[in-house]
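Trainee: Could we go through this model together, one question at a time?
Mentor: Happily; let's have the structure up as we talk.
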Amino acid sequence: MRKRIFIISAVILFYSGFFSQAYSSFNLSVRPYEGGYELKFGKIEPSLNIINKEVVVNIISDLGKPYRLIQEVLEPLTNQEGVVIPLGNFFVYALRGTNRYGTLSVEQETPVSLGRTIIYTSNSLGLSDSFTLVYSLRGPLGVPAGLYRGRIAFILESTETGQMPVINILNVYVDISAQAYIRVVSKTGSKVIALSSKTPEKSLSQISLEMKYPLGGTFRIYQSITEPLVSVEGKRFPLESISFYISGAHIGTAPNVSQPLSLKDELLYTSDLKGNAENFSINYQLGDVSGIKAGIYRTTIKYLLEGPGSSPLRLLDTYNLEVNIPAVFELMISTPTGGKVIEFRNLKPEEPPKRFEVDIEVKTNLEKQYQVSQNLVSALSNREGKTIPSKFFTLRTEGIDAKGKLLFPHNTEVKIGEMVLYISDREGLPAKFKVIYELSSSWDIAAGDYSAPIIYSVTEL
């Protein structure tokens with residue numbers, strides 16, 4: 001019985017030693033620190049300074065022989081058109097002190113090149129080890145936007161003859177943002193397109209689109225206004241009263257003839273087939289704003305990029321569009337003599353009545369009802385101080401462009417003091433009308449020149 005037990009024990013020990021030799025460990029794991037099995041730099045801007053991604057390397061070996069880890073680039077970072085991110089932008093280095101036994105060969109930044117690069121060499125005992133590699137992208141990246149893919153092989157080699165190398169493949173992805181290639185800038189540095197009807201100079205505004213690098217394919221730039229121009233009071237501004245055109249575009253195509261704004265996506269620019277970089281300006285101009293209520297109207301304009309290589313529109317930038325219509329409430333008076341008095345010259349008895357016409361215009365955008373009045377300061381008199389009885393002095397009003405009420409459509413005696421000539425409609429629309437003064441002669445009136453000062457005013461009701 002003891003003999004059987006001894007034999008069985010020996011057999012077990014024999015097989016235990018056999019399996020230990022047959023299953024010696026020599027393995028490699030290369031994984032991004034952030035997880036997963038692919039090294040992804042994400043969406044980056046070509047003007048970036050630097051971006052780092054860590055990779056954790058684990059080596060298991062119980063061969064008792066030295067080994068080394070080799071990095072070999074199978075495919076450089078390349079886009080669909082074959083453009084490669086230069087070696088001078090892609091580096092690797094090992095974090096000092098993250099290993100325990102062997103020697104790190106890339107403690108200084110080293111370009112990620114196509115050749116074989118020794119990353120790590122074990123100690124003489126070939127002990128298992130782990131360490132961290134850092135892959136760096138340094139800008140600016142002088143390449144077109146798009147997705148760049150690469151493949152890096154990590155080869156674990158033993159000095160022991162007959163030991164098969166272990167290979168890990170790491171896929172690398174870099175997505176360079178097209179938006180970063182195109183900047184929307186204004187002269188003032190603010191993101192406001194400001195237009196005003198106050199002066200001709202203020203009725204113009206300009207912003208520029210600046211491109212630094214080619215995008216590698218045809219692209220288009222649109223502007224989009226999705227909300228109407230609205231004031232605080234809720235009044236809408238007609239977009240068609242603002243026009244735009246493109247200046248400075250020579251490589252691509254763009255509308256160089258003014259066209260009105262609208263609530264739709266407007267094509268601003270189409271590049272050439274290679275998507276070459278070009279700077280150009282978008283010019284906005286305020287048109288006729290007569291009849292538009294005073295106020296500040298606001299909305300937003302979005303600038304969108306289409307392509308290359310993608311159909312969805314991507315946002316480049318958003319600007320505020322602001323239109324300032326200053327308050328206008330003016331009374332314009334035009335007389336034959338250009339003065340502020342009513343004059344009748346060389347009056348003679350028994351002559352036909354003499355006429356003196358005054359053109360009156362009210363400019364307003366307040367949309368408030370108003371009235372126009374006159375104030376005859378004194379009776380008509382000549383140099384000697386002789387006056388004319390009021391019964392010989394009449395007026396009537398005639399409409400030129402007036403939606404309100406003219407109070408004296410027929411001849412009416414002109415009285416000293418205030419007389420209301422016109423009352424606007426409830427919307428307070430601008431108006432033009434004429435006041436016709438007539439002076440009849442009589443044997444009771446001395447011949448000569450007669451005049452009287454008169455004051456016109458416009459008042460809100």
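What follows is a short exchange about one loop residue and some strand pairing.

Mentor: A word on the basis: this is a predicted model, where local features need pLDDT of at least 70, side-chain atom pairs count only at pLDDT 80 or more, and totals for chains, interfaces and linings use all residues. Residues are numbered from 1 along each chain as its sequence is written, and side-chain values use heavy atoms, with hydrogens and water left out.

Trainee: Is Asn365 buried or exposed?
Mentor: Asn365 sits in the loop between β26 (354-364) and β27 (370-376); strands here are DSSP runs of E, at least two residues, numbered from the N terminus. Buried means under 20% relative accessible area, exposed over 50%, and partly exposed in between, with a 1.4 Å probe and protein chains only. At a relative accessible area of 8%, Asn365 is therefore buried.

Trainee: Which residue has its backbone nitrogen 2.8 Å from a polar atom of the Asn365 side chain?
Mentor: The Asn365 side chain also reaches a backbone oxygen, that of Pro326, at 2.9 Å. The backbone nitrogen at 2.8 Å belongs to Val328.

Trainee: How many bridges join β27 to β33?
Mentor: Two strands pair if DSSP finds at least two bridges between them. One bridge partner couple is Gln374 with Tyr456 in β33. The strands β27 and β33 run antiparallel, and the bridges joining them number seven.

Trainee: Which residue in β33 stands opposite Ile342?
Mentor: Strand β25 (residues 341-347) pairs with β33 (residues 448-460) in the antiparallel sense over five bridges. Opposite Ile342 in β33 stands Ala452.

Notes:
Helix = DSSP H or I, 4+ residues; strand = E, 2+ residues; numbered from the N terminus. Polar contact = N/O pair within 3.5 Å; in protein donor to acceptor, adjacent residues only side chain to side chain.
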